[in-house]
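Thanks, everyone. I'll take the pockets to begin with, then two helices. Here is the model.

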Amino acid sequence: MPLAVCATPIGNLEDVTLRLLRELAQADLVLCEDTRRTRILLQRHGISARLTSYHEHNEAERTAEVLPRLLAGARVALVSDAGLPGVSDPGARLVAAALEAGVPVTVLPGASAVVTALVASGFAAERYQFLGYLPRGRAALASVWDELRRWRWPAVAFESPRRLPAALASLAVALPERPVAVCRELTKQFEEVVRGPAAEVAARFRESPRGEITLVFGPDQVEAPDETAAVAAVAELVAAGVPRRQASDLVARLTGTARNALYRASL
């Protein structure tokens, strides 16, 4: 049997798939970041299952224990407290070990705080960057803001409520006009999305709020690239002997214009 990596609700316990409920009900063993949290989900949907903890403090030990069971054909499901295991939550070690041992891995998709926040923020674009949890410390945060300064697309990050005021204050100093959205308690009863320039949003959150936080940094407010000039640059490179696809890729990276659009327009 494959290892089943299962996405669980990020808040609202009704945000589950029929496939997820069936997998949890049929599993010989359910590995949980927190058995108490998973038990609440299972009880809500009338499911009983054998639960075992699998978190950052016992991940290596549990992987060694579970891998022989997977090889013997046991049906094992892996869940985290919210969302998909392996992304900012334990699970990557077990997935890698299973694949290395020849055990197939199947992923049951579901709710995602990253994509939910991105859409709710109103900043969604054709590409975005996921930063994981923001680092602690002024120097580390300054490094992230410097990276963000060079990234003109949206970016998504996780932050704890306790550290949110300091993180926003740091952002307000580095990039005061950068749009940002604080997405709090997504899919829950008191869901809230606060949007605006970093300086304004930082002023709104001088005190730590309650609940789960996902931050979305909006796209840099720069003028759209001059596509006519970019197409002309591609044409000049092609005339000089550079392959059209390579020329389109180079100009796209320098100007921010879509590569495929440049390639088609230069034909």
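A pocket here is worked out on a 1 Å grid over the protein atoms alone: it is an open set of points where a 1.4 Å probe fits, with protein on both sides within 12 Å along at least five of seven lines, and lining residues have an atom within 4 Å of a point. Two notes on the source. This is a predicted model, where local features need pLDDT of at least 70, side-chain atom pairs count only at pLDDT 80 or more, and totals for chains, interfaces and linings use all residues. Residues are numbered from 1 along each chain as its sequence is written, and side-chain values use heavy atoms, with hydrogens and water left out.

Start with the second largest pocket. Its lining has 13 residues. R127, W153, A252, R253 and G256 lie nearest the centre. Its volume is about 230 Å³, meaning the space filled by probe spheres set on the points, with grid points joined across faces, edges and corners. Seven lining residues are charged (Asp, Glu, Lys, Arg). Four are nonpolar (Ala, Val, Leu, Ile, Met, Phe, Trp, Tyr, Cys, Pro), and two are polar (the others, Gly among them).

Which helix gives the largest share of that lining? Helix 10, residues 244-255, with three residues. Helices are DSSP runs of H or I, at least four residues, and strands are runs of E, at least two, numbered from the N terminus.

Stay on helix 10. A247, S248, V251 and A252 are buried (under 20% relative accessible area, 1.4 Å probe, protein chains only). Seen down the axis, these buried residues fall within an arc of 130°, taken from the directions from the helix axis to the C-beta atoms, so they line one face of helix 10. They pack against helix 9 and helix 11 (contact is heavy atoms within 4.5 Å). On the other side, Q246, R253 and L254 are exposed (over 50%). Just after helix 10, G256 takes a positive phi of about 85°.

Now the largest pocket. Its volume is about 810 Å³. It is lined by 37 residues, with A82, D89, A113, Y133 and F158 nearest its centre. Helix 5, strand 6, strand 7 and strand 10 each give two or more residues. Helix 5 gives the most, three. By class, 20 are nonpolar, eight polar and nine charged.

Last, helix 2, residues 35-44. T38, L41 and L42 are buried. Their arc is only 95°, which puts them on the same side of helix 2. R36 and Q43 are exposed on the face turned away.
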